[in-house]
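Student: I want to check the labels against their criteria. Shall we begin?

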Protein chains: 2
Amino acid sequence: MRQQRLLNPTLRDVPGDAEAVSHQLMLRAGLIRQLSSGIYSYLPTGLKALQHIQTIVREEMDRAGAQEMLMPALHPAELWKASGRWDVYGPELMRLQDRGGREFALGATHEEVITTLVKDEIHSYKKLPLTLYQIQTKYRDERRPRFGLLRGREFLMKDAYSFDRSASGLDVSYQAMYDAYVNIFTRCGLQFRAVEADSGAIGGTDTHEFMALADVGEDTIVHCPSCQYAANLEKAAGLITNKGTSSIDVPHAQPTKVHTPGVTSIKQLSQFLSIESQHIIKSVAVQADGTPVIVLLRGDLEINEIKLKHVLGVDEITMLTESEITALGSVAGFIGPIGLASVRVIADNSIQGLAGAVVGANEADYHLQHVDVQRDLGTLTYADIRNVGQGESCIHCGHELAFAKGIEVGHVFKLGTKYSEGLGASYTDENGLSEPMIMGCYGIGVSRVLAAVIEQHHDERGIIWPKTLAPYSIHLLTVQVKDETQMALSEEIYHALTRAGYSVLWDDREERPGVKFNDADLLGFPLRLTIGKKANERMVECKERRSDSAYELNVEQLLTHCQTFFN
Amino acid sequence: MRQQRLLNPTLRDVPGDAEAVSHQLMLRAGLIRQLSSGIYSYLPTGLKALQHIQTIVREEMDRAGAQEMLMPALHPAELWKASGRWDVYGPELMRLQDRGGREFALGATHEEVITTLVKDEIHSYKKLPLTLYQIQTKYRDERRPRFGLLRGREFLMKDAYSFDRSASGLDVSYQAMYDAYVNIFTRCGLQFRAVEADSGAIGGTDTHEFMALADVGEDTIVHCPSCQYAANLEKAAGLITNKGTSSIDVPHAQPTKVHTPGVTSIKQLSQFLSIESQHIIKSVAVQADGTPVIVLLRGDLEINEIKLKHVLGVDEITMLTESEITALGSVAGFIGPIGLASVRVIADNSIQGLAGAVVGANEADYHLQHVDVQRDLGTLTYADIRNVGQGESCIHCGHELAFAKGIEVGHVFKLGTKYSEGLGASYTDENGLSEPMIMGCYGIGVSRVLAAVIEQHHDERGIIWPKTLAPYSIHLLTVQVKDETQMALSEEIYHALTRAGYSVLWDDREERPGVKFNDADLLGFPLRLTIGKKANERMVECKERRSDSAYELNVEQLLTHCQTFFN
């Protein structure tokens with residue numbers, strides 16, 4: 001491709017509204033343009049990279065035995081009503097009516113469509129197991145679209161669905177997808193971790209998220225540097241140690257009221273009493289499916305709402321209002337576990353064995369100090385209901401856990417029978433009995449992978465494409481296009497490389513050399529070949545984008561060199 | 001691929017609601033399934049054929065110098081309002097609101113999006129000409145979706161847009177697309193005609209439709225069997241000859257009233273007077289942008305509304321009501337050109353020189369006979385405002401024109417400056433002057449091509465795929481899967497052919513041979529290889545789907561034979 005003709009508008013300046021590096025670079029390198037919030041056009045160079053990812057995804061999915069198909073984006077509302085998600089999904093599901101007033105959803109995911117299709121077409125155990133996938137556009141009306149392709153409203157996804165006869169069959173299908181995902185992300189050049197995730201209210205068992213490691217990531221990963229353990233923050237568990245006592249502790253002292261006028265937050269209290277927040281017991285009053293519950297945990301830690309929901313077996317948790325707290329016989333900002341007889345209490349493991357602690361006194365402007373959990377709080381129900389905090393240890397090997405930020409690029413999920421039972425997808429087994437199919441679902445954010453790759457592969461000058469995804473492998477740059485010798489040699493090389501099967505972008509633009517070199521760095525193809533003054537000697541300057549190493553080659557050596565470089 | 005595992009549900013019976021052969025066969029062969037009216041899922045086998053078409057389209061578009069990109073389906077309403085099409089497009093344009101109440105259209109076509117993008121990114125003549133294309137899903141809420149993929153509401157389209165500096169530049173871009181389309185449809189195995197079409201109110205000049213010839217087609221093509229002339233019925237012109245006079249004609253007789261009680265249609269009048277309808281002059285009273293006009297044409301012919309609009313220079317034509325006809329001094333059913341002084345009259349060329357004709361008398365239950373157009377109707381304005389009728393001659397070579405039915409599979413269109421002026425896409429020329437870009441647009445109904453191919457390539461047993469599009473090239477069929485010799489030989493052949501690069505579907509199902517042979521004919525891959533009783537002699541039965549020729553080969557000859565067959 002000759003660059004003079006290519007629609008590849010590069011920008012010198014960082015666009016103001018682009019926060020993420022990948023977003024900035026994709027705009028600057030002319031890969032994408034925004035049409036509306038969270039909605040992008042792929043320009044020719046960006047589309048090429050996206051297509052390379054799709055090719056890798058197809059190859060690995062096919063190799064894993066999955067069959068490609070293609071489902072529509074317009075879903076009749078009846079399907080989503082049948083699964084119950086028409087109401088549950090909320091405003092993220094985009095909806096419209098056709099000219100006859102029939103309601104449709106724009107597919108945010110395809111469980112309903114695929115399950116209904118398989119229900120109609122597969123009836124016998126002989127056709128199972130079956131894994132189907134598609135690469136298709138999804139629509140999710142994100143509350144806050146941002147970071148370019150990382151969180152869009154119209155995006156490209158690979159979604160796969162497996163149908164099995166048994167839980168052990170699902171294990172096999174799940175593992176095949178897990179392995180395919182490892183291959184896909186590895187081939188895309190991503191640094192990633194497969195982390196345990198919460199399976200939510202669906203009732204599935206295993207679920208893993210594939211996280212590309214990047215500071216811009218919106219997910220927190222907890223992982224063990226010593227063993228294989230990794231989980232997202234929603235799911236991660238750790239071991240906590242309560243060390244020492246606070247500076248105001250008095251051994252064997254009984255709970256004593258202390259006047260703390262206007263001190264309602266952990267931070268204020270810690271400053272007011274000059275103690276660390278881990279010596280305070282935080283009491284949080286929540287409404288769990290309509291019933292008030294007091295949640296106790298160490299003052300320096302945060303409640304994990306998903307864990308709490310599981311432990312309490314509820315769907316919704318909200319904070320109690322001030323008047324509801326008053327109705328419990330307490331005061332907002334001064335809640336504590338002592339003297340609250342009639343309310344359910346759940347305690348995080350982090351306060352187990354704590355002594356010399358401070359709690360709210362259930363009275364305005366007062367706390368209690370010298371509280372010994374075991375002695376003073378009676379028999380508590382303990383559970384893991386916190387986010388893992390800094391300094392906690394691995395539950396498998398005891399090593400201190402580490403934290404990282406990740407971009408969720410893939411997700412594998414054991415669905416079980418939620419959809420097959422809800423939508424009636426059953427098969428007849430060897431004995432003539434009807435059984436619901438056991439399902440799994442598996443997603444890859446194809447367009448998000450593109451952004452994640454750039455988050456990991458760039459420097460201050462621009463993108464550094466992995467060879468597998470580069471829109472063009474070679475950037476051929478003619479310094480002076482008005483110099484006949486340079487142009488003739490460039491043309492010769494362009495045709496030789498193209499014939500040999502390399503994808504080459506030839507910068508034949510009438511631009512200053514500085515502009516061309518800057519654009520080449522910004523676009524970041526693996527190998528840059530510059531044809532300049534030494535064209536009359538048939539010498540080419542090679543520069544490798546990733547290593548930055550530069551060297552000269554005679555034209556006759558070029559093809560052999562490319563074979564080695566790209567092998 | 002092993003058929004036992006493939007999601008390829010074939011049906012024995014013709015589905016009741018499928019009228020078109022392609023629709024019936026695509027359902028029966030398990031290529032597609034309907035999700036909702038005009039909305040289909042592609043099952044694995046159908047998707048493969050669709051992807052082959054996409055590959056051909058990409059190769060030919062790239063070869064023609066077009067650049068692939070990808071635009072979103074969600075379009076902000078503002079763009080469609082800016083072009084004026086938000087109101088004009090009507091209920092075919094699907095619309096929705098996002099969570100913030102912003103209006104969007106689901107892209108029915110992408111002129112607005114591409115023109116806005118090019119306007120923002122291209123400013124200099126140096127970057128022109130430019131042709132961009134995408135293969136993308138389109139949404140049109142058809143009033144009457146039908147014929148499966150031939151008229152759907154969500155469908156796959158290749159749309160391209162060219163941007164030029166001059167009309168002659170557009171000619172070059174247009175011709176490149178025209179040639180690419182010829183290559184694409186030829187490679188897809190389609191019998192087609194490029195026909196002249198009407199360019200509508202957009203003010204473009206040239207436009208051609210690519211019509212796949214098929215009886216199910218909803219468009220009528222007029223073509224000359226002797227020269228290259230071909231046009232769709234909207235656009236086609238012909239030469240008409242008025243032969244002889246009617247049986248009731250009296251030479252030199254003056255117009256005479258004839259009592260025709262209750263005779264208000266051409267058909268009735270022709271029977272009542274025992275004359276052919278070509279001796280009657282039809283007088284049609286219409287409202288053209290609010291002004292009444294009387295249209296005269298030969299009784300056996302039909303008004304062509306598009307031609308009439310062009311000739312009158314109006315946007316809308318409706319029929320006059322009975323009371324409006326009365327207001328003109330006439331009577332519905334008895335309108336005629338004589339005695340209607342105050343109304344504009346336009347005459348089709350077909351009545352030029354007609355004598356001894358019958359017209360309405362503008363009086364209830366009366367017509368006038370013995371009318372000589374030249375003598376009695378004064379100076380008329382003549383134009384071509386009819387649909388070409390049977391028996392008309394080619395305007396280029398005089399040969400009698402022929403009629404055929406076609407499916408519109410492609411359309412090339414010179415847009416001119418409608419969108420570039422409306423949306424402000426201009427460039428700066430060599431002299432620093434700002435000029436609007438000159439645009440063309442070019443569409444291919446990718447999913448419709450799939451259906452059109454099947455309309456042309458089938459027999460009573462099933463589909464007969466062109467080699468270029470067949471989902472699998474070879475159907476390997478094992479007669480008895482419980483026979484170890486047959487299975488071993490099948491496996492050997494399957495691996496050998498797959499290694500050699502052929503796509504093979506291996507029917508390894510435990511089904512009766514009759515079921516397998518019927519399915520193989522229905523699926524219609526080019527070459528069927530049957531492994532049966534002669535497996536112990538290493539003999540294979542070959543059958544070519546298209547020619548029906550069958551022969552036996554030794555396994556050792558197979559690869560060479562395939563090379564020849566598929567070369």
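Student: What makes β15 and β17 of chain A a pair of strands?
Tutor: Two strands pair if DSSP finds at least two bridges between them. Strand β15 (residues 291-298) and strand β17 (residues 344-348) of chain A are joined by four bridges. Four meets the cut-off, so they pair. The two run parallel. A:V295 stands opposite A:I346 in β17(A).

Student: What are these values based on?
Tutor: The model is predicted: local features need pLDDT of at least 70, side-chain atom pairs count only at pLDDT 80 or more, and totals for chains, interfaces and linings use all residues. Residues are numbered from 1 along each chain as its sequence is written, chains are lettered from A and ligands numbered from 1 in the order in which they are written, and side-chain values use heavy atoms, with hydrogens and water left out.

Student: Why is β20 of chain A, residues 382-383, called a strand?
Tutor: Strands are DSSP runs of E with at least two residues, and helices are runs of H or I with at least four; both are numbered from the N terminus. Residues 382-383 therefore suffice for β20(A). Two bridges join β20(A) to β17(A), in parallel. A:A347 has A:Y382 in β20(A) as its bridge partner.

Student: How do you know which strands are the edges of the sheet β28-β27-β29-β30-β31 in chain A?
Tutor: This is an open sheet of five strands with mixed pairing. β28 (504-507) and β31 (550-554) of chain A each pair on one side only. That makes them the edge strands. From one strand to the next, the twist averages 25°.

Student: How many bridges join β30 to β31 in chain A?
Tutor: Five, with the strands running antiparallel. A:C542 has A:Y551 in β31(A) as its bridge partner.

Student: What does helix α15 of chain A touch?
Tutor: Contact means heavy atoms within 4.5 Å. Helix α15 (residues 555-566) packs on the sheet and touches β27, β29, β30 and β31 of chain A. Its direction makes about 130° with that of β31(A). Axes are lines fitted to C-alpha atoms, for helices over the stretch in contact, and angles run from 0 to 180 degrees between N-to-C directions.

Student: And where does helix α14 of chain A lie?
Tutor: Helix α14 (residues 513-523) lies across β27 (474-478), β28 and β29 (527-531) of chain A. It runs at about 175° to β27(A).

Student: Why are β13 and β18 of chain A said to stand at the edges?
Tutor: Their sheet is open, in the order β13-β19-β18 (chain A), with antiparallel pairing. β13 (256-259) and β18 (357-363) each have a single partner strand, so one side of each has no neighbour in the sheet. β13(A) pairs with strand β19 (residues 366-371) of chain A over four bridges. A:H259 has A:Y366 in β19(A) as its bridge partner.

Student: Why is the pair B:F185 and B:F210 called tilted?
Tutor: Rings of Phe, Tyr and Trp (its six-membered ring) pair if their centres lie within 6.5 Å; planes under 30 degrees apart count as stacked, over 60 as edge-to-face and the rest as tilted. Here the centres are 5.6 Å apart and the planes 40°. So the rings pair, and the pair is tilted. B:F185 lies in helix α6 (residues 167-187) and B:F210 in strand β10 (residues 207-213) of chain B, 25 residues apart.

Student: Is A:D87 buried or exposed?
Tutor: Buried means under 20% relative accessible area, exposed over 50%, partly exposed in between (1.4 Å probe, protein chains only). A:D87 has 67% relative accessibility, so it counts as exposed. A:D87 lies in helix α4 (residues 85-88) of chain A. By contrast, B:F185 and B:F210 are buried.

Student: What makes A:K467 a charge over the ring of A:F565?
Tutor: NZ of Lys or CZ of Arg must be within 6 Å of the ring centre and within 35 degrees of the ring normal. A:K467 lies over the face of A:F565, at 4.1 Å from the ring centre. A:K418 lies over the face of A:Y419, at 5.2 Å.

Student: How do you know how chains A and B are related?
Tutor: Copies are superposed by least squares on the C-alpha atoms of residues with pLDDT of at least 70 in both. Chain B can be laid on chain A with an RMSD of 0.2 Å by a turn of 180° and a shift of 0.1 Å along the axis. The two copies are therefore related as by a two-fold rotation axis. In chain B, B:L96 has the C-alpha nearest the axis, at 2.6 Å.
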